[in-house]
Amino acid sequence: MSSPTPDPKRWLVLLAVMLAFLPVVLDMTILHVAVPRLTQALNASGTEVLWIIDIYPLLMAGLLVPMGTLSDRVGNRRILLTGLVIFAAASVWAAFAQSAGALIAARVCLALGGSMIMPCVLGLIRKTFEDAGERAIALGLWGTVGSAGAAVGPLVGGALLEHFWWGSVFLINVPVMLVVAPACWFLLPRVEATTPGQWRIGQALLLILGMITAVYAVKAGFGGKQPWSVAGLVLVFGIATLTLFARQQLRSAEPMLDLSLLSRPAILAGLLMAMVAAGALAGVELTLAQELQYVLDKTPLQAGLFMVPIMAAAAIGGPVAGFLSNRFGLRLVASLSLLIAAASLLMLAQSDFHEPGLAVPVALAVLGLTLSIGLTASSIAIMGAVEASKGGAAGSLEATGYELGTGLGITFFGVFMSGVFSRAMELPASIPASLAAEASRTIGDAYIVAGRLGGAEGAALIEAGKAAFTQTHAVLLSTSAGIVTALAVVVFFALAGHRPATAATHH
């Protein structure tokens, strides 16, 4: 069977879907800088603030697969346009929310809209670009929007908060949607190849419930929000629900999630790459932000500028990955980029940030570039391993890996950081026993206790905290380097027989 003629509007379609994707990724990180402002404005409690931040990635992780499957059933165009309308309306609601409860509800609707947009973007790229070489370039450009959007979120948020109220971080989505929705309406193909079959709401709810309870249990248990006995029970319930869902899928003649996709080594390798690369990028940025502000006494803006190399390099990683994988093959590019990322993590683990010189910015840039190449390589592997009619389902699988990687990366880095810090902390002898446990928890807690103590005791505690955190960053980044190296080896073997699916393989 000969290849179909490429869509003459394909690059315009790519531009439209990338613009649709931008607010979804911005919303993952833009809120972090607005938290102090909205906490005061809405009188939000600590728990409410956590839910305001967490509900978006948590719900997205549960909704992406059902929405990806739904878009394969009824067409990406219809689901994407519906998602854009919901996202724009929820953005207005969030911007003008008068209470923490209203803002949490608006964030639920944002997650619903975002989960409809995300898999459709990948599915449409898969359907629009039949040529494997062009598809790699298109996915590279899409990867740039993902990496750059998440990286500039805090900078955009900070700039908006200089001039406007906290709601402006949500309102910025509306003008983008007013441009994107009509563009998608005119450009996207009205006739699409869809997968036959029903979309069962019960299966979707089972998956959402399982995902949310399992992820929440991990975050609550490790984050100390719940005792492990409670978190453990919630985790068991989440795993049991997901197991029931998996059994339903394997037995069903028309499964919502084609679990047979996971039997393809390229998809499994791509999922692992998406989770680890996204988690490592988020975790390293979290560690650096604390190191720069607590240990090196930099302002948030100075810390942001210090981290520009990692963000700027991550933004160009996408197109570079597309070009290199076309030239040298995906297997070599994916595994080598992960190995180089591990080497730069090791170098950063042993660096003194007090005297960064040229070595630290270069290592940061190399890390941002190689992890971004790894993320794009995961898209190329997953999208190249499926036929076009399953693009939405595969796209939602990858986006779920990306969401889970980012959320769990921050959770695990935070927990591991706290554990290593408390072991490395050598408290001054003069610290009262009643305050010792609190001061040893995190460097933030050490600063709070030091503020209460004041004088020479407080100053000695801060110095001890700084010394402990310098050790902590070395252990954290070295461990990450080990995990990324192991992933590079897995990817090298998993992609051994990788050949991208082409139009000729369609059924």
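**Figure 1. Phe-492 is partly exposed in this predicted model.** Its relative accessibility is 33%, so Phe-492 falls between buried and exposed. A charged residue lies over the face of this ring: Arg-331, at 3.8 Å from the ring centre. Phe-492 also takes part in an aromatic pair, shown in the next view.

**Figure 2. Phe-492 and Phe-493 form an edge-to-face pair.** A search of the whole structure finds one aromatic pair. The ring centres of Phe-492 and Phe-493 are 5.6 Å apart, and the ring planes meet at 85°. Planes over 60 degrees apart count as edge-to-face, so the pair gets that label. How accessible is Phe-493? Its relative accessibility is 60%, so Phe-493 counts as exposed. Its partner Phe-492, at 33%, counts as partly exposed.

**Figure 3. The charged end of Arg-77 sits over the ring of Trp-185.** The distance from that charged end to the ring centre is 4.7 Å. Compare the view of Arg-331, which lies over the face of Phe-492.

**Figure 4. Five residues make a nonpolar patch on the surface.** They are Phe-328, Leu-332, Leu-336, Leu-339 and Ile-340. The patch covers about 450 Å². Which helix gives the largest share of the patch? Helix 14, residues 330-349, supplies four residues. Leu-332 is found in helix 14. Its relative accessibility is 40%, so Leu-332 counts as partly exposed.

**Figure 5. Leu-336 belongs to helix 14.** This residue is one of those in the nonpolar patch. Its relative accessible area is 42%, so Leu-336 is partly exposed. Now look for Val-489, 153 residues away along the chain. The C-alpha atoms of Leu-336 and Val-489 are separated by 9.4 Å.

**Figure 6. Leu-495 is buried.** It is found in the segment after helix 19, which spans 455-494. Is Leu-495 buried or exposed at a relative accessibility of 1%? Buried means under 20%, so Leu-495 counts as buried. What does Leu-495 touch, leaving aside its neighbours within four places in sequence? Its contacts are Ala-266, Ala-269, Leu-330, Arg-331, Ala-334 and Ala-381. One of them, Arg-331, also lies over the face of Phe-492. Ile-267 is 228 residues from Leu-495 along the chain. Their C-alpha atoms are separated by 9.3 Å.

**Figure 7. Asp-72 is a buried residue in a helix.** The helix is number 3, residues 46-74. The relative accessible area of Asp-72 is 3%, so this residue counts as buried. Pro-119 is 47 residues away along the chain. The C-alpha atoms of Asp-72 and Pro-119 are separated by 9.6 Å.

**Figure 8. The chain has 19 helices and zero strands.** This view sets the close-ups in context. Of the 507 residues in the chain, 54% are buried. Among contacts with a separation of 6 or more, 82% involve residues 24 or more positions apart. The chain exposes about 20600 Å². Carbon and sulfur atoms supply 70% of that area.

Methods
Residues numbered from 1 in each chain as written. Predicted model: local features only at pLDDT ≥ 70, side-chain atom pairs only at ≥ 80, totals over all residues. Heavy atoms only, no water. Phe/Tyr/Trp six-rings, centres within 6.5 Å; stacked < 30°, edge-to-face > 60°. Buried < 20%, exposed > 50% of the residue type's maximum accessible area, 1.4 Å probe, protein only. Lys NZ or Arg CZ within 6 Å of the ring centre and 35° of its normal. Patch = residues over 30% accessible without salt bridge, like charges linked within 9 Å, V, L, I, M, F, W, Y side chains within 5 Å. Areas by Shrake-Rupley, 256 points an atom, 1.4 Å probe, with all protein chains shown as cover. Salt bridge = Lys/Arg side-chain N within 4 Å of Asp/Glu carboxyl O. Helix = DSSP H or I, 4+ residues; strand = E, 2+ residues; numbered from the N terminus. Contact = heavy atoms within 4.5 Å.
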